[in-house]
Amino acid sequence: MSGKRLVVIALVIAGLALLTVLPVLVQSDSIINLAILALLYIALASSWNVLGGYTGQTNLGHAAFFGLGSLTTRLLWLSVGWPLPLSLLAGGVVAVVFALLVGAPAFKLRGVYFAIGTLALAQVLNMTVGNMFPMITSLPAEYLATYQLAPRYYLFLGLALLTVGTAYVLVHSRLGLGMMAVREEEEAAESLGVSAFRHKLLALSVSAFFAGLTGGAFAFYHVGYYPQFPFGPVWTFDSMMMAYIGGTGTIIGPIIGAVFFVVAKELLALNLLELHLTVFGTLFILVVLFLPGGLVEAWGRIRRVLARRARAREVRLASPEQASGHQTVVGL
Amino acid sequence: MRARISIGIVIAIVLSMLAAQCPPPATPTEIPPTKAVEPTKAPEVKPTEVPKATEVPKPPAPEAIDIGASIPLTGKYGALGAMVKPGYEFAVTHINAAGGVYVKAFDKKIPLRLTIYDDESDPTKAVSKLETLYSDKKVVAYLGGAGSDMHAATAAIAEKNKVPYLGIAFALYQIHQKGYKYLFSPFPKSPAQARDVYEILNAEIPEGQRPKKVAIFQEKTDWGIELGGLWKENAPKYGYEVVVYEEYAPRSADFSDIILKAKAAGAEALFAVPSPPDGLAIQKQMAELGWTPKFTLMIRAPENVSWGETLGKTGDYVTIFPGWHNAEKFPGVDKLNAAYQAEFGRPADLLTGPAYACVQILADAITRAGTLDRDAIRDAIAATNMTTVVGPVTFNADGTGKVLNPLIQWQNGKLELVWPKDQASAKLLYPAPPFDKR
């Protein structure tokens, strides 16, 4: 194992250890709450990335899976009285069933038509839920009396790790290679025996399952909202934005994007009142304009510059005469 | 590989769920909320434990009393939030100009320090902002934003953190039926709106001329269902008959079907709670289809100034229960209007008065509590009995306010206060003339 790889593993372990003890170290509901939101978005953006980033299918209806997970879990947990773990799993399963139902017809569409189609489906579901469930769902006072953020934090931490871990294993497998082949050139992939439809459906199912679980965790976390709220397009577009800010088609991209998005937005909101949206919007445009590959690309660029400088320094140290001679020539 | 993925997924799911079920090793909510204001415990010491109460040295007073609000300044409730925010700000300015709030525990007046955050009309962000106000700013009380769903989320956080919460700009009664102890709202609720409309009609209009046949257009939202049901339930008690009760989905573009049903049934009054785009569409389509109710009570949509600008004479004669009007004659209204006029070039907006009253109630409660202890302030708010810019205020056990529910009416492109009579700026115009004869 190379030294570089060991450093990465050590950093990951240290990061995980820090995240595990965060509620013990930090006695602030404000910070725990912010960490919960960041973890929620890491899970949601990473699940979007499986289909959008690795399989190349821009899904604008991701909120439908998130919303279905939330609705199912909240109903089963609060109204029917199922245990939370079962309600959460049911949320993920319902999202997958919906994904499989809509996936078959939706994948007959390609490119922008697929994107618009998924957006339309999600909006239909959004309006239907709004009409069917118009009442606010609030946690009763007896639940609030024992409400604690720490269990919610650990649920989201587990979920984020699970989503990122699954994405990592998936994209490093044969199936993941197939998904990326479909992303790069669908016809070429088909000609090599890679079933585009099967791979897209698999990616959609994985993406929907984790979005559904995240929605379920949201139902466990949130104190009061309209059942329609998690179906809102903002959940899709925020997740997409995070994946793009961080870098789509990478494991680390949605994580960086989600943390940047949540922390930057919160800091701006706490300091700039109404202006914060304008400033954040400008920041987003700048990232897209100058770093089309996301913040991951920025890191790549920095590494390339550092490597070039290091090489130049090595060359100067190795042959100082040549280097000074070169300078003389330039000076002349 | 598939087997490995499956095993990994199952293990991770089980572990994360177990972690979620386990009690945390230490939680921020275990910190007593009163810890930040510990000095206030001094006056509670029994006189027998010290020679004389007057000899107890007063603890050092804090620099300011921190209060906080999460308001939707952007997003779908942005227009409402823009009316609420200046109400809080003007009240704090006026109270601080008089030296602040007297707190007996420190034997001095302490200024209020208000922190406002924008929650973008998003209940998740509102929750986050309230946690920040609680953890970082150590606020002794929350002031609410606007919109039922926003209040449902933020009032629950207030309950969790045991911080008194004063909120307006929502009439939904069911939020008060959750058993929350820290939620107070000096704002008219659905039961009052469902009762008062009939009482005003019976008081203002002679028996033979009353609009006895009522049409209710019920929006398929929690408030629409709640208020629509109460209007229907109350109608026979006051001698009215609901001839049309039609539901519609919010943001419907076409209301002609339900308007024609009301017209065919000979309905003389219309009650509805549409959002602004729906309200404008209903009013325009009623004019186009030639159905003019003699009396229209349309809460919410006509509260925006754009109603008059967009509809002109078509928008006249419509009445609203907005919670307040700047023509009310209670102490402090003139001062608020003058301050508002100086900054915005018009008298205070409809939600600004109730927002101002929230701070008045809070300041009064802090003084009566004599301490900055959140529970003591909560109890003092519950015992409120004072006159504010919205009139006399007391609270029911469920946190709803016993407050005036004024009726206003669009007359010649202006909002006039028409009820109660002792506060009125104009008479109720009834019946409304047909749209084509205005």
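This report describes a predicted model with two chains, A and B, and moves from the contact between the chains to selected parts of each.

**Where the chains meet**

In the predicted model, 52 residues of chain A are in contact with 49 residues of chain B. Several elements of chain A give two or more residues to the side that touches chain B, among them helix H1 (3–25), helix H2 (29–52), helix H4 (84–106) and strand E2 (224–225). Helix H7 (149–171) of chain A belongs to that list as well, and H7(A) gives the most to this side, with 13 residues. When the residues of the side of chain A that touches chain B are sorted by character, they divide into 34 nonpolar, 14 polar and four charged.

**Two domains in chain A**

Chain A is divided into domain 1, which covers residues 27–277, and domain 2, which covers residues 294–332. The C-alpha centres of these two domains of chain A lie 44 Å apart, and the contact between them takes 11 residues from domain 1 and four residues from domain 2. On the domain 1 side of this contact, the elements that give two or more residues are helix H11 (233–246) and H12 of chain A, and H12(A) gives the most, with five residues. The residues on that side of domain 1 divide into five nonpolar, six polar and no charged.

**A helix with a buried side**

Which residues of helix H8 (residues 174–184) of chain A are buried? They are A:Leu175, A:Gly176, A:Gly178, A:Met179, A:Val182 and A:Arg183. These residues lie on the same side of H8(A) because they cover an arc of only 160° around the axis. As a general point, an α-helix has 3.6 residues a turn, so residues three or four places apart point the same way. The face of H8(A) turned away from the buried side carries the exposed residues A:Arg174 and A:Glu184. What covers the buried residues of H8(A) includes H7, helix H9 (186–191) and helix H10 (196–221) of chain A; H7(A), as described above, also gives the most to the side of chain A that touches chain B.

**Strands in chain B**

Chain B contains 12 helices and 17 strands, and buried residues make up 53% of its 438 residues. Of the contacts in chain B between residues at least 6 apart in sequence, 68% join residues at least 24 apart.

Strand E8 (residues 213–219) of chain B is mostly covered, with six of its seven residues buried. E8(B) runs parallel to strand E9 (residues 241–248) of chain B, and it also runs parallel to strand E10 (residues 269–272) of chain B. Together with helix H6 (residues 222–234) of chain B, E8(B) and E9(B) make a right-handed β-α-β unit.

Elsewhere in chain B, three strands form an open sheet in the order E13-E14-E15, with antiparallel pairing. Strand E13 (386–388) and strand E15 (401–402) of chain B stand at the edges with a single partner strand each, so one side of each is left without a neighbour in the sheet.

The table sets out three of the strand pairings in chain B, with one facing pair of residues for each.

| Strands | Direction | Bridges | Facing residues |
|---|---|---|---|
| E8(B) and E9(B) | parallel | seven bridges | B:Gln218 and B:Glu247 |
| E8(B) and E10(B) | parallel | four bridges | B:Ala215 and B:Leu270 |
| E13(B) and E14(B) | antiparallel | three bridges | B:Thr387 and B:Pro392 |

Note on methods:
Residues numbered from 1 in each chain as written. Chains lettered and ligands numbered in written order. Predicted model: local features only at pLDDT ≥ 70, side-chain atom pairs only at ≥ 80, totals over all residues. Contact = placed C-beta atoms within 7 Å. Nonpolar A, V, L, I, M, F, W, Y, C, P; charged D, E, K, R; others polar. Buried ≥ 20, exposed ≤ 12 C-beta atoms within 10 Å, placed from the backbone. Domains from an automatic or database assignment. Pairing = 2+ DSSP bridges. Right-handed = clockwise from strand over helix to strand, strands pointing away. Arc of directions from axis to C-beta.
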